[in-house]
Amino acid sequence: MPKKIAIVGAGPGGLASAMLLASRGFAVDVYEKANRIGGRNAELTLGPYRFDLGPTFLMMKFLLDELFQETGRAIEDYLTCIQLDPMYRLNFPGKSLLARSDPNDMRVEIERVFPGEGAALDQFLKRESERFEKLYPCLQKPYGSLSSMLSATLFSAVPHIAMGRSLFDVLGKYFRSEELRLAFTFQSKYLGMSPWDCPGLFAMIPYTEHAHGIYHVQGGLCRISDAFAEVAREEGARIFTSTPVHRVLTKNGAATGIELMDGEKREYDEVVINADFGHAMSTLFEPGTLRKYTPDTLKRKRWSCSTFMLYLGVDKTYPDSDHHTIIFANDYQRNLADISQRKIASEDVSVYVRNSVVNDPSTAPEGHSALYVLVPTPNNFSEIDWEMKKSDYRKMALQLLKERSVFHDIEEHIVAEQIVTPADWERNSVYAGATFNMGHNWTQMLYLRPHNKFEEVDNCYLVGGGTHPGSGLPTIFESARIAANMLCAKYRVPHREATPYGQIAFAEPAQ
Ligand SMILES: Cc1cc2nc3c(=O)[nH]c(=O)nc-3n(C[C@H](O)[C@H](O)[C@H](O)COP(=O)(O)OP(=O)(O)OC[C@H]3O[C@@H](n4cnc5c(N)ncnc54)[C@H](O)[C@@H]3O)c2cc1C
């Protein structure tokens with residue numbers, strides 16, 4: 001009899017686990033409280049306009065390729081991924097830099113905007129490739145015990161982890177101009193952190209962008225979750241939407257199954273939790289079950305920032321726009337301090353805009369655009385009243401688009417609109433509205449991050465952004481693979497281990 005596994009949550013982490021576990025012969029049931037799958041990686045539609053609710057940057061696509069291969073499939077049969085070139089535009093006050101995927105083009109662009117600094121790109125790529133090679137394998141392993149911190153992989157990575165140094169310290173050293181330094185460190189925002197707080201080892205993120213590219217998925221990155229679900233179902237998994245789990249049932253410190261909201265109890269050999277970590281710890285266990293992750297200890301953790309979102313259906317196109325544009329605040333460092341330290345509503349915000357129709361006409365009717373606008377904000381420990389503040393944020397975001405991007409006349413062309421505030425994220429099961437989960441500071445990483453094999457309850461595993469290795473899509477996919485491999489090891493199910501970094505076949509760079 002195959003072992004029975006319940007997965008709580010159909011976000012990308014839960015669905016990737018479902019796909020891997022079902023393809024290895026486990027009997028998998030996925031329970032999702034929403035009426036659709038995908039979690040923060042779901043699709044949001046406004047009439048004919050189609051948006052990604054959350055993730056829009058796909059990095060380390062090689063990892064996604066490998067997950068499909070592990071199930072005996074080719075990603076191309078499920079997803080059309082295109083490498084973006086240009087990758088994104090960065091608008092600083094008075095300067096604009098177009099990040100190119102080809103290093104030669106990128107060097108030329110750096111020289112154009114920051115004369116005399118182009119050659120530093122080569123030093124960045126050379127040195128950071130060494131760091132990536134050593135650190136990437138550390139993300140592929142679980143750290144469930146202190147002794148796991150003594151592994152040879154981690155030891156050989158130690159000289160590269162830049163302990164005690166921030167991302168800005170580590171990468172800032174390649175470049176002289178402040179804006180260029182930001183162009184290679186703003187990526188800490190993908191983790192909901194500031195480059196001045198984010199540990200230096202995350203130099204891996206800008207490196208992987210420039211070395212391995214950024215991808216779009218036709219139809220939106222939400223198609224990734226759809227594809228995982230499709231494969232999982234082909235392998236026999238069942239996915240129940242509109243089926244919230246009330247509790248993970250436990251006996252003698254081990255999970256025994258789940259209880260649904262209507263009181264029905266279902267037995268399982270193992271439970272995999274994909275629901276947002278803070279939310280799951282606060283709601284899924286009978287009070288008193290957990291000792292390490294209680295309401296008090298959760299409050300004392302460091303949580304990522306949140307995001308204010310505008311999804312806009314627009315009745316015109318902007319042929320000069322790029323797929324991704326980031327507009328930096330006039331005083332970016334202050335803006336980030338407002339978000340993560342002072343926890344106040346900034347008056348000088350940064351804005352990210354994604355205009356998918358430039359590469360993907362399927363996301364809006366002909367002659368129209370679907371614009372995704374994201375403003376980083378404090379998480380809900382700020383106690384900002386978002387009902388009061390949301391019109392200010394809308395105004396500030398549109399003003400910035402008008403003044404510092406090609407979307408000058410956007411306001412007159414909005415025909416459909418939805419706002420999502422940090423309060424909305426929290427209502428949708430995201431603890432404290434911290435959209436990028438628990439922060440990635442040193443005290444919350446590796447062994448110190450919630451473990452993939454949950455340390456408080458046996459027969460229970462965590463997948464998704466709240467566990468190791470972290471909160472972006474590639475790390476979420478790794479968390480799913482780590483948990484699936486641990487379960488296979490437990491039940492002696494043959495499985496393929498992750499490909500060592502040196503043997504990964506990378507796609508040719510975009511021409
Ligand atoms: C605005 C935004 C932009 C982002 N941009 C990027 C990006 O560009 N690139 C990138 O790599 N990452 C990005 N991320 C981060 C990350 O990739 C996503 O947040 C990702 O969707 C998180 O996946 P997950 O599997 O951890 O959890 P989630 O997507 O949150 O899924 C968890 C699921 O569990 C369900 N659930 C909760 N409680 C229960 C319950 N009791 N019973 C049943 N189901 C339950 C939820 O409804 C949800 O569907 C972004 C995130 C956000 C929010």
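These are my notebook entries on how domain 1 and domain 3 meet in a predicted model.

**Ground rules.** I number residues from 1 along each chain as its sequence is written, and my side-chain values use heavy atoms, with hydrogens and water left out. Since this is a predicted model, I accept local features only at pLDDT of at least 70 and side-chain atom pairs only at pLDDT 80 or more, while totals for chains, interfaces and linings use all residues.

**Domains.** I looked up the division of the protein chain and found domain 1 (4-82 + 218-301 + 437-503), domain 2 (103-201) and domain 3 (305-431), with bounds that come from an automatic or database domain assignment. The C-alpha centres of domain 1 and domain 3 lie 28 Å apart.

**The interface.** I then checked contacts (heavy atoms within 4.5 Å), and noted that 24 residues of domain 1 touch 28 residues of domain 3. Between them the two domains bury about 2,100 Å², of which 61% is on carbon and sulfur atoms; buried area is the accessible area (1.4 Å probe) that two parts lose on being put together, summed over both.

**Salt bridge.** I searched this interface for salt bridges (a side-chain nitrogen of Lys or Arg within 4 Å of a carboxyl oxygen of Asp or Glu), and the rule finds one. I also looked up R354, which forms a salt bridge with D52, their closest N and O atoms being 3.0 Å apart.

**The domain 1 side.** Turning to the residues of domain 1 that touch domain 3, I recorded that β3 (43-46), β4 (49-52), α10 (277-283) and α11 (295-300) each supply at least two of them, and that β4 gives the largest share, four residues. Here helices (H or I, at least four residues) and strands (E, at least two) are DSSP runs, numbered from the N terminus.
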